[in-house]
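Me: Could you take a close look at one part of this model for me? Here it is.
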Amino acid sequence: MATLEIRDLRVTVEADNATKEILKGVDLTVKQGETHAIMGPNGSGKSTLAYSLAGHPKYTITGGSVTLDGEDVLEMSVDERARAGLFLAMQYPVEVPGVSVSNFLRTSATAIRGEAPKLRTWVKEVKEAMERLNMDPSFAERNVNEGFSGGEKKRHEILQLELLKPKIAILDETDSGLDVDALRVVSEGVNRVRESGEVGTLLITHYTRILRYIKPDHVHVFAAGRIAESGGAELADQLEAEGYDKYVKGGASA
Amino acid sequence: MAEAQNIPVGSTTAGQIAVAAESTVATRMSAPPSFDVADFPVPHGREEEWRFTPLERLRGLHDGTAVATGDGLQVTVEAPEGVTVETVGRDDARLGKAGTPVDRVAAQAYSAFEKAGVITVPKETVLTEPIRIAVRGEGGVAYGHQVVELGAFAEAVVVIDHTGDAVLAANVDYILGDGAKLTVVSVQDWDDKAVHVGQHNALIGRDATFKSFVVTFGGDLVRLHPRVAYAGTGGEAELFGLYFTDAGQHQEHRLLVDHNTPHCKSNVAYKGALQGDDAHAVWIGDVLIEAKAEGTDTYEMNRNLVLTDGARVDSVPNLEIETGEIVGAGHASATGRFDDEQLFYLMARGIPADEARRLVVRGFFAELVQQIGVDDIEERLLVKIDEELEATV
C-alpha cells in the first residue's frame, strides 16, 4: 500500500532579497485510500506544502524528509516525482501555448505509464473521461489552459487526475473560483478516483464547502507553517462554525 | 505564484502604424534602390537598415573586400519535365525585373555575379513535383542571381536548399504571370560559419498567388529581404517564415510588402525560437499601402519564443497606410518566453525537461510547418527542430 510520509518538513522561499521560512516542521502521513483535508487561513503555507511536494524550484527544502513507499521524494526531479506516483492539481494551472490538450495528455500518459497508450483505447478513454466531466470534445484541440475559464482549468486538472491515476493526489485549492455546478462536477471526478481505493488524497482548501462533496477521513488545520490540530470530519464542522481565528491568534504571524 | 512571465530580458518590440505623407519605409533607407553598388555608401552600422547587423561578421560583403573565389558554391537544379533551366550572362534581359536592390550588399551581389540562373515554367504548365535548387557552399565567397518565372496560369513549387559553408550574397527574382501559383521554400540550413545575405523579390501578376516559406536554421549570419510587389489587381501573397536562432547566431529577416496595386492581399507570419547566449533574431515587417492601393487586405504577424536567457529579439512591425479605402490592415508582434512555470507544469505531469521543451517548440512551429505541403521538407524541419533542441538540452 502506497504511503506518503512527511517528517518535520521545513521550507524557505526567497522574497525581496530575504529568506523566509514558510513551512516550520510539517508531519503528515497519507496512505493509499485515505483522504486528508488540509485547511487553513491564507498565507498559512498550505500551497507551499503542495508545491514543495511536487518539487517546484522556487522552494528550498531546509530540513526534514518526504518519502513515498520509502523512496526519498526530495531527491527526485519534478518529473520523477510525477512518475513515482505524485500528482499535484494546481490552483493556477499554467498556459502552454502551441501544445494541444490531446497532445499534452498523451505525452503525459506515455511518460507516467512508461509506454505509449494504444491509440484506439486511449481515444476512447479520454473521450469518456471528458464526458464524465461535462467537457466538450473540442476541448482536446485547444492549447493547454490557454483561454480556459477558471472552471475549465480545474476540470482539465481533474481530467488529468483521472487519466494518470496517481498513488498520491494533492489537490491545491481545486475548489477556489468554482461555482456550485462546477464544484459538483469536479468533486464527482475526485470521488470517482477515490472510490478506486488506489489513491491517497491530500485536499488543500480554504473553505469547508468542498467537504460537503468530498468526505475526508482526516482533517488537519494548517497555521503558521505547521499542522496545528488534527481530527476527523467533525473538525471541519467546527471550523465552519468558528473560523480560523483561534489558530491565527494563537500561532506565529502567518 | 505561477504567473507566466512573458517579456524576456533582451527583447524589444517596437511597432507603428504611420498615416503620413512621408514614407517611413523610404526614409529609413540611406540610399534609393539601385543595381549599382557604387550608389550605396559603405555602411558604418548606425544606419536604420544596418543598425541591428554586426557588420564585422559580414566578411567583407558590405565594403567590397569580399572577392569571389570562383569555386565557392555548387548549384544543382532538379526540375520536372516542361521546365526550362538556363545559365545566362549578365546581359540577359530577364534579370532584375522583379525588384531593385535596396541595400549595399544586395547591390554588391547584383554588381558582382558572373552567371545567373533562369528557371522558366511555361504558361498553363502545372507541375506535380517540386523544382529543387540545391545550393551547396564549399567554403568560398560567391555572388549569385536566380530568376524563377512562371507564365500565366502556371503552377509550381520551388525548393531552394542552402547547405554547407559559404560567404554568399545572392538575390532571387520570382515573377508570376497572371493567375500563376508559386510556392517557394527557401531553407537556410548552413553550417555554423556561413554568411548569407540576399534579397528575394516577388512580382505578382494579376490574380496570381505567391506563397513563400523562409526557413532559417543555420549560419553565423543570415540576413534576408523577402519583398513583394504586385503587377496587377487580385494578387495574393502569403509570406511565412520560421527561424531557430542558436547561441552566437544572427538571423535577420527584413520584409516589405508593397501594396502598389488595388485589391491585393497579403498575409505575413514569421515565427522564431531562440536559445543560447548571444542568439540574435531580427524581424522587420514593413507593409506599405500606397494611395492607389484601394481594397487592400493585409495582416502581418511575428512571434518569438525565447527558450533560454542570453538571447535577444528585435521585432519591428511597420504598417504605413496612404489610403483609408481598404478592406483591412493589421499587425502583431509578440515575444514570449518558455518559462520555468511552463516547464514545471509539464514536468509535474511526468514529462522530462527535454521532452517538455520539444513539445512546446514543435507546437509553436507546427501550424506553419504543416502549411508547407512538401512532405520531405516538413519532416526534415521537424527533425531539424529536434536536433536544435538536443544540442542544448
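In what order do the strands of the open sheet in chain A stand, and is the pairing parallel or antiparallel?

Reply: First, a caveat: this is a predicted model, so to speak of local features takes pLDDT of at least 70, side-chain atom pairs count only at pLDDT 80 or more, and totals for chains, interfaces and linings use all residues. Residues are numbered from 1 along each chain as its sequence is written, with chains lettered from A and ligands numbered from 1 in the order in which they are written.

Now the sheet. Its four strands line up as β2-β1-β4-β5 in chain A, and the pairing is antiparallel. Strands here are DSSP E runs of at least two residues, numbered from the N terminus, while helices are H or I runs of at least four; two strands pair if DSSP finds at least two bridges between them. At the edges stand β2 (18-31) and β5 (71-72) of chain A, each with a single partner strand, so one side of each has no neighbour in the sheet.

Follow β2(A) inwards and you meet β1 (residues 3-15) of chain A, joined to β2(A) by 11 bridges and running antiparallel to it. For a spot to click on, try Glu14(A), which sits opposite Thr19(A) in β2(A). As background, strands of a sheet pair through backbone hydrogen bonds, either parallel or antiparallel.

While you're in chain A, look at Ala169(A) too. Leaving out residues up to four places away in sequence, Ala169(A) touches Phe87(A), Ala89(A), Leu161(A), Val193(A), Val199(A), Thr201(A) and Leu202(A), where contact means C-beta atoms, placed from the backbone, within 7 Å.

Technical notes: Two residues are in contact if their C-beta atoms, placed from the backbone, lie within 7 Å.
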